[in-house]
Amino acid sequence: MVSSPSPLSGIEPQNTTGILLCNLGTPDAPTPAATRRYLAEFLSDPRVVEIPPLVWKPLLHGVILRTRPAKSAAKYQTVWMTEGSPLAVWTEKQAKLLRGWLGEAGHRVRVRPAMRYGNPSIASQLDAFMAEGVSRVLVLPLYPQYSATTTASVIDAVGAWSRSVRALPELRFVNDYHRHPGYIAALAASVRKHWQQEGRAEKLVLSFHGIPERNVRLGDPYERQSRETATLLAAALGLREGEYMVTFQSRFGKAKWLEPYTEPSLIALAQQGTRHVQVMCPGFAADCLETLEEINQEVRKAFMHAGGKRFDYIPCLNDQPTWITALSELAQQHLQGWPTRGAT
């Protein structure tokens, strides 16, 4: 008896692995309209602003989104690259390089960049993976230190997408990599390279993005992980306690955020006689508005105005080979057990 052909014969099974490389987000253009759309999405996330909606929404739509977009757009214009937003440009490069690095290691995976707010969105990139036959996705947020305001929000976005999908891919998430040896080594290599070219400053300032102090009291591990990163980096560089300091930037609103704040700390250093500082932002995997405008423009100006003589900004890891190597090692660690050595 001749059996009938299977209704599934001839259909290639979906057996591909993808990595979703997630960053915070950026406006599509340095204009008030584009910035308003971006800020509306960003500041509407309850993970970012933990204020009751009845209180927050009138303030957001009645005041903040009427005044802040034009000011923020003007700042974006000072750092915008020919290819686009620095954050988007660097994240896309990191995704391409990561796929190449993993390919060199024998892993056949697809890698797509995604933004939690703005474009390309997490949902659109997951849809693209599904269209390509991807059946396993490693979600890798580019936040070295875990926070509910960042990493958990990425997980929320993946969850929101999953509610509209019938046949879900297998999913894994990277929570943090704040003490990953490759990440610490990449940071240390970046500082040493700067020292070789420019000499050493009196003080190395490690500026991390801030979060409200209340978040830490409620259990967010971000401050502890940030300080642990700083301690490991200082040890790798052979720095003594007085040769570096940890600060927190990008405070928003009137609530108390993690201290010490970056700009007041740099002003105080200048007023106390420190003439040369070097500043880096270990919590950012790619340069963006917060590093290029806030630190390298606003904080630089404040330090110099207060009496400082030299301010060096050490760029984020961006596309440095040591960093892409570390990112590849991190990805391979979390890909273990998945068949990634077949053809994509």
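Biologist: What makes the meeting of helix 6 with helix 8 a contact, and which residues meet there?

Modeller: Contact means heavy atoms within 4.5 Å, and by that criterion Tyr183, Ile184, Leu187, Ala188, Val191, Arg192 and Trp195 in helix 6 meet Thr229, Leu232, Leu233, Ala236 and Leu237 in helix 8. By class, this contact of helix 6 with helix 8 has 10 nonpolar, one polar and one charged residues, where Ala, Val, Leu, Ile, Met, Phe, Trp, Tyr, Cys and Pro count as nonpolar, Asp, Glu, Lys and Arg as charged, and the others, Gly among them, as polar. The model is a predicted one, in which local features need pLDDT of at least 70 and side-chain atom pairs count only at pLDDT 80 or more, while totals for chains, interfaces and linings use all residues. Residues are numbered from 1 along each chain as its sequence is written, and side-chain values use heavy atoms, with hydrogens and water left out.

Biologist: Why is helix 6 called oblique to helix 8?

Modeller: Helix 6 (residues 181–198) and helix 8 (residues 222–237), which like the other helices are DSSP runs (H or I, at least four residues) numbered from the N terminus, pack at an angle of about 50 degrees with their axes 9 Å apart. Angles under 35 degrees count as roughly parallel, over 145 as roughly antiparallel, 65 to 115 as roughly perpendicular and the rest as oblique, and therefore helix 6 is oblique to helix 8. The axes are lines fitted to C-alpha atoms over the stretch in contact, and angles run from 0 to 180 degrees between N-to-C directions.

Biologist: What is the handedness of the crossing in which helix 9 passes helix 10, and which residues meet there?

Modeller: A crossing is left-handed if the near helix is turned anticlockwise from the far one by less than a right angle, and right-handed if clockwise; helix 9 passes helix 10 in a right-handed crossing. The axes of helix 9 (residues 262–271) and helix 10 come within 8 Å and cross at roughly 35 degrees. Thr262, Glu263, Leu266, Ile267 and Ala270 in helix 9 meet Ile295, Glu298, Val299, Ala302 and Phe303 in helix 10, and these residues divide into seven nonpolar, one polar and two charged.

Biologist: What joins glutamate 259 and proline 260, and what makes the phi of serine 250 worth a remark?

Modeller: A cis peptide bond, with omega about 5 degrees, joins glutamate 259 and proline 260, and proline 260 lies in the loop between strand 6 (244–249) and helix 9. Serine 250 is placed in the loop between strand 6 and helix 9, and its phi is near 65 degrees, a positive value in a residue other than glycine. Both are worth noting because most residues other than glycine have a negative phi, and most peptide bonds are trans.

Biologist: How many cavities of 30 Å³ or more are counted, and what is the volume of the largest cavity?

Modeller: On a 1 Å grid over the protein atoms alone, a cavity is a set of points where a 1.4 Å probe fits but cannot get out, and lining residues have an atom within 4 Å of a point. Grid points are joined across faces, edges and corners, and a volume is the space filled by probe spheres set on the points. The count comes to one cavity of 30 Å³ or more, and the volume of the largest is about 60 Å³. Its lining has seven nonpolar, three polar and one charged residues, and strand 1 provides the largest share, three residues.

Notes: 1 Å grid on protein atoms, 1.4 Å probe; cavity = no way out; pocket = protein on both sides within 12 Å on 5 of 7 lines; lining within 4 Å. Helix = DSSP H or I, 4+ residues; strand = E, 2+ residues; numbered from the N terminus.
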